[in-house]
Amino acid sequence: MTHELVIRGGAVVDGSGAPRRHADVAVDDGVITHVGVVEASGRRELDADGALVTPGFVDIHTHYDGQFCWDKLVTPSSWHGVTTVVAGNCGVGFAPVRPGTEDALVKLMESVEDIPGSALHEGIPWGWETFAEYLDVIDTPYVMDVGTQVPHVAIRHYVMGDRCYDDATADDIAEMARLTREALEAGALGFSTSRFFGHRDADGNLVPGTNAAADEMLGIGDAFAGLGHGTVEIITDHVDDPGERAWIAELARRSGRPVTVLAATVTRDALFSLAHDIERSGGSLRPQVGARPASLLMTLEGTINPLRRFPSYRKIASLPVDEQRRRLRDPELRARILADEPTAPRFAEANRIVSDYSLMYVLPPDLSYEPSDDDSVAGIAARQGIDPREALMDALADGRPLLHLFGRYPGDLEGQREMIEAPETVFGLSDGGAHCGVLCDASVPTYMLAYFGRDRTRGPLMSVEQIVHKMTRDTALTYGMADRGLVAPGLRADLNVIDHDALRLHDPEMVWDLPAGGKRFIQRADGYRATVCAGEVTHEHGEHTGALPGRLVRGG
């Protein structure tokens, strides 16, 4: 017989966490049919000699809800070996929506996720009202498989209108539960909500549902009863609150569905304790952790530019970026900026981000996201005997992004590595498609394999087998997609062929390629020989082949 596709001679890292083994992989009808010695030929063959063969990566935390409408390549995730994404996270999205109120959801998405509103307005065709109708609109071919969740903010806005910032009534809760059930039956992969102080609308208000009472959350959780599918995603600041922990545990027990709560090193102990308590009662809670701590990049053209505090800089801020960089070398302008009285943002945290030079790191050339004190603007200034503002201007004139790490960065990412490796956690938080002007963490699959799996010197490496497991089978099962994430016969042929020695990230780059000329950071990669989705080669050496075998994944 002849197989449709054979990948020959690679080191198969199968996604289970087991040691790699040299094997061929045969594919027919979009499914893996054999892993081992494949004697028959393939109508198409890929040479994997010296390369890793892994499952396609399954990214469960993205915000491509609007981008699905105009970008069937789902970039930049598809450049980094991702073959399945889950959108609709953090409680924000675009359905259900009452006709005429679309702008409210756009503004909330723009404020929470830093996606240009002009791009969303121009790129989204709208026309739907229910979540099921939204799924029908995005049920088109893609370069990868896509799925999404029903967002709490949109449901609250649909049910409560202008009251969506207030407490919900019993009737409100019943209607929100009905809509959630309806969305799940239509194919939503889950439900998401935000209880995070940093998620605010354009007026500074906490987004709808942030302070929703336990009875509201449990009422919505009851919508999962008897369905047999769906995951609940929660972002919360209140893990240490016994009341918060109690309703999360009760929701997991009553719904019988997996719950994933976004985690940070400061919430680790509380979340792990809660996860163990829920597991003992027969439920499942997976703290969700990302490759990097919560962070942002500051650049001249980005959403956050620390030089905007200075009146003398603002006089040149409208010039082309290359001209701004040239002017930042001008001694006269530098002297004026050094003498300026800076303005302060209205929020204390925002002011700290743009003014504390000890917490402002020049992004290392190795893109480690693990800077030392010497990499900070304050450290560079002290070493060179100059004012920190001069070091700031030098870095931005050189075109290097400045990195701010939220929380209590201890000087390394050991806490992050330990959380990623912990069996309790699930890997996520790439935020693909979001935070367009401040980061590009959709590149984290490449970062994990290249940095944590090969290049790191500031602490232990992670095994490639463990990294691949956390980004494939483990994430797929958390969202009920048992047909993928493993290189094994009978499963979907979503695969990567990766030259691990050559794998590297490019620098983050700002481009203006969104609808209406909207800007976003992108990040390219080298080292991906091929990516395969449903048995079709979608990318070779970083270039799209033209194939669009991906589909909308509907839960249940």
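**Exercise 1.** Which backbone nitrogen lies 3.0 Å from a polar atom of the side chain of Thr236? Work it out, then place Thr236 in its surroundings.

*Solution.* Keep in mind that this is a predicted model.

- Step 1: Start from the side chain of Thr236 and look for the backbone nitrogen at that distance: it belongs to His238.
- Step 2: Now find the strand. Thr236 sits in β11, which covers residues 231–236.
- Step 3: Check for side-chain partners. The side chains of Thr236 and Glu244 make a polar contact at 2.7 Å.
- Step 4: Skip the neighbours within four places in sequence, and you'll find Thr236 in contact with Arg195, Glu244 and Val261.

**Exercise 2.** Is Thr236 buried or exposed?

*Solution.* 

- Step 1: Read off the relative accessible area of Thr236, which is 7%.
- Step 2: Compare that with the cut-off: buried means under 20%.
- Step 3: Thr236 therefore counts as buried.

**Exercise 3.** How many disulfides does a search of the whole structure find? Follow up with Cys164 and Cys440.

*Solution.*

- Step 1: The search comes back with zero.
- Step 2: Take Cys164. Its nearest cysteine sulfur is that of Cys90, 18 Å away, and Cys164 is in no disulfide. For a disulfide, the two sulfur atoms would have to be within 2.5 Å.
- Step 3: Do the same for Cys440. Here the nearest cysteine sulfur belongs to Cys436, at 9.1 Å, and again Cys440 is in no disulfide.
- Step 4: Finish with accessibility. Cys164 has a relative accessibility of 2%, so Cys164 counts as buried. Cys440 comes in at 5%, so Cys440 is buried too.

Technical notes
Residues numbered from 1 in each chain as written. Predicted model: local features only at pLDDT ≥ 70, side-chain atom pairs only at ≥ 80, totals over all residues. Heavy atoms only, no water. Helix = DSSP H or I, 4+ residues; strand = E, 2+ residues; numbered from the N terminus. Buried < 20%, exposed > 50% of the residue type's maximum accessible area, 1.4 Å probe, protein only. Polar contact = N/O pair within 3.5 Å; in protein donor to acceptor, adjacent residues only side chain to side chain. Contact = heavy atoms within 4.5 Å.
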